[in-house]
Amino acid sequence: MTIEELNQKRDEHADKITKLEKDNEAYKHVNSCLMAEITNLKKRNGWLESGFIHTCHDDCQRPLCLANREIDKLKLENAELKELRIMNLAGISTASFQNTRESTKERITKDNPYWTAAYDDVCRTVDREINLRESLDVAHEALAKIKDVR
Ligand SMILES: [Zn+2]
């Protein structure tokens, strides 16, 4: 190989080295971008695992999961209580219309879950109404007899 050929080879290698160094810089940049992205994703993953969007089993003891299960339980209890109150009120309403001796036989008893103290109050008031109506009938009959006698 001549000196000139060797010089030419050296220049070619120098160019290749320059190109490789440029590529290397570009890869380093891509790498640092990816590392930043990985850090972000790790942060987000940690947040998801400890935060609101978390899939777990029924015995998960994370405070947020315990609280969410308690909220679900209370929501269910609340819905059941609402339903019970509606039926309690429906019972009271029905009792207020059952104001004949015959219809009072349809009343519910204390062992019924829809029975309430207020239901009992309404029943006693209706009983008083029935008794007063019957007393009035007796009084009317007596009055009619007196008028007949005159
Ligand atoms: Zn959980």
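A helix here means a DSSP run of H or I at least four residues long, and helices are numbered from the N terminus. Keep that in mind as you click through this predicted model.

**Stop 1: the whole chain**

Zoom out and show everything as a cartoon. You'll find three helices and zero strands, so to speak an α-α-α pattern when you read along the sequence. Turn the model around: its C-alpha atoms fill a box of roughly 160 × 30 × 15 Å along the principal axes. How does its radius of gyration compare with that of a compact globule of 150 residues? The globule would be near 15 Å, but this protein has 45 Å. Buried residues make up just 3% of the 150 residues.

Now colour residues 1-50 and 56-150 separately. Those are domain 1 and domain 2, and their centres, taken over C-alpha atoms, sit 82 Å apart.

**Stop 2: helix 1**

Select residues 3-50. This is helix 1, with 48 residues. Put a distance label between its first and last C-alpha and you should read 69 Å, close to the 70 Å expected at 1.5 Å a residue. How many of its 48 residues are buried? Zero, so helix 1 is hardly covered.

**Stop 3: helix 2**

Move on to residues 63-97, which form helix 2. Its 35 residues should span 51 Å at 1.5 Å a residue, and the end C-alpha atoms are indeed 51 Å apart. The number of buried residues in helix 2 is two, so this helix lies largely in the open.

Pick T94, which belongs to helix 2. Is T94 buried or partly exposed? There are 16 other C-beta atoms within 10 Å, which makes T94 partly exposed, because being buried takes 20 or more and being exposed takes 12 or fewer. Next, jump from T94 to N112: they are 18 residues apart along the chain, and their C-alpha atoms are separated by 15 Å.

**Stop 4: the loop**

Select I108, in the loop between helix 2 and helix 3. With 15 other C-beta atoms within 10 Å, I108 is partly exposed. Which residues does I108 touch, leaving aside its neighbours within four places in sequence? Highlight G91, Y114 and W115: those are its contacts. You can also draw a line from I108 to D120, a residue 12 places away in sequence, where the C-alpha to C-alpha distance is 9.7 Å.

**Stop 5: helix 3**

Residues 117-149 are helix 3. It has 33 residues and reaches 48 Å from its first C-alpha to its last, close to the 48 Å expected. Helix 3 is hardly covered, with two buried residues.

Click D121, which is in helix 3. D121 counts as exposed, because it has 12 C-beta neighbours inside 10 Å. From D121 to A90 is 31 residues in sequence but 15 Å in space, C-alpha to C-alpha.

**Stop 6: where two helices meet**

Two packed helices are described by the angle and the distance between their axes. Show helix 2 and helix 3 together: their axes come within 9 Å and cross at roughly 5 degrees. Angles under 35 degrees count as roughly parallel, and therefore helix 2 and helix 3 are roughly parallel to each other.

Show side chains for G91, I92, A95 and S96 in helix 2, then A118, Y119, V122, C123 and V126 in helix 3, since this is where the two helices meet. One of these, G91, also came up at the loop stop as a contact of I108.

Methods
Residues are numbered from 1 along each chain as its sequence is written. This is a predicted model: local features need pLDDT of at least 70, side-chain atom pairs count only at pLDDT 80 or more; totals for chains, interfaces and linings use all residues. Domain bounds come from an automatic or database domain assignment. The expected span of a helix is 1.5 Å times one less than its number of residues. The radius of gyration is taken over C-alpha atoms; the globule rule is 2.2 Å times the number of residues to the power 0.38. Axes are lines fitted to C-alpha atoms, for helices over the stretch in contact, and angles run from 0 to 180 degrees between N-to-C directions. Angles under 35 degrees count as roughly parallel, over 145 as roughly antiparallel, 65 to 115 as roughly perpendicular and the rest as oblique. Two residues are in contact if their C-beta atoms, placed from the backbone, lie within 7 Å.
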